[in-house]
Amino acid sequence: HYMFTRGSINEYENLNMFMDSGMPANNGKGPILSPQAMKYMGFPIPKNKDMEKSTFSGMGGGSFKTSTFDLNSYNVGSLGEKNTSGQYWTGDQFNMYETTGFVSDAMIGHDFVSKYRWTIDFDNYSMTFSKPKGE
């Protein structure tokens with residue numbers, strides 16, 4: 001199954017975010033932006049020589065490079081992070097349109113969704129997020 005949601009990064013709203021609940025996000029780093037989203041939001045695409053080789057498995061294994069940059073915020077609905085970092089990955093992780101029918105602007109992973117309680121309602125094609133009890 002593929003899970004997409006609308007989210008925001010800095011002041012840019014209504015972005016399509018692919019949610020991969022099992023994907024680590026590089027030691028707590030924030031969303032991974034597509035090259036198109038990087039350009040749209042005015043972030044420079046890092047030069048290959050300035051990037052690190054990935055240590056991740058899955059989604060292309062370690063065959064891509066990563067880089068980070070500062071973000072003011074990113075959100076899914078009212079839940080989100082402030083003063084964090086975003087990521088850029090080389091490779092074709094965002095080429096999902098033919099499979100899903102969605103253009104993906106960013107990916108968020110386990111480091112985001114693990115902070116919240118969430119429920120997937122497959123019958124109604126929806127996800128519900130809430131803050132953990134006591135917050």
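Here are some friendly notes on this predicted model, covering its main pocket, its strand pairing and a few backbone angles.

1. **The pocket.** A good place to start is the largest pocket, whose volume is about 320 Å³. It is lined by 15 residues, and those closest to its centre are Tyr2, Met3, Phe4, Tyr125 and Ser126.

2. **What the lining is made of.** Three strands each give at least two residues to the lining of the largest pocket: β1 (3-9), β8 (117-121) and β9 (126-130). By residue type, the lining of this pocket splits into ten nonpolar, four polar and one charged.

3. **Tyr125, a residue to look at twice.** Besides being among the residues closest to the pocket centre, Tyr125 sits in the loop between β8 and β9. Its phi is near 50°, a positive value in a residue other than glycine. Is Tyr125 buried or exposed? Tyr125 counts as exposed because its relative accessible area is 79%, and the cut-off for that class is over 50%.

4. **Tyr2 and Thr99.** Tyr2, also among the residues closest to the pocket centre, has a C-alpha 9.5 Å from that of Thr99, although 97 residues separate the two in sequence. Thr99 belongs to helix α2 (residues 97-100). With a relative accessibility of 54%, Thr99 is classed as exposed.

5. **From the pocket into the sheet.** Strand β1, which supplies part of the pocket lining, also pairs with strand β5 (residues 65-76); the two are antiparallel and share two bridges. In β5, the residue standing opposite Ser8 is Asn75.

6. **The β5-β6 hairpin.** On to the next pairing: β5 and strand β6 (residues 79-89) run antiparallel and are joined by ten bridges. Asp70 and Ser85 of β6 stand opposite each other. The two strands form a hairpin with two residues between them, and Gly77 in the turn has a positive phi of about 60°. If you are following side chains along these strands, a general point may help: in a regular strand they alternate between the two faces of the sheet.

7. **Asn14, another positive phi.** Where does Asn14 lie? Asn14 is part of strand β2 (residues 12-19). Its phi is near 60°, which is positive in a residue other than glycine. Asn14 counts as exposed because its relative accessibility is 55%, again judged against the cut-off of over 50%.

How values were computed:
Residues are numbered from 1 along each chain as its sequence is written. This is a predicted model: local features need pLDDT of at least 70, side-chain atom pairs count only at pLDDT 80 or more; totals for chains, interfaces and linings use all residues. Side-chain values use heavy atoms; hydrogens and water are left out. On a 1 Å grid over the protein atoms alone, a cavity is a set of points where a 1.4 Å probe fits but cannot get out, and a pocket is an open set with protein on both sides within 12 Å along at least five of seven lines; lining residues have an atom within 4 Å of a point. Grid points are joined across faces, edges and corners, and a volume is the space filled by probe spheres set on the points. Helices (H or I, at least four residues) and strands (E, at least two) are DSSP runs, numbered from the N terminus. Ala, Val, Leu, Ile, Met, Phe, Trp, Tyr, Cys and Pro count as nonpolar, Asp, Glu, Lys and Arg as charged, and the others, Gly among them, as polar. Buried means under 20% relative accessible area, exposed over 50%, partly exposed in between (1.4 Å probe, protein chains only). Two strands pair if DSSP finds at least two bridges between them.
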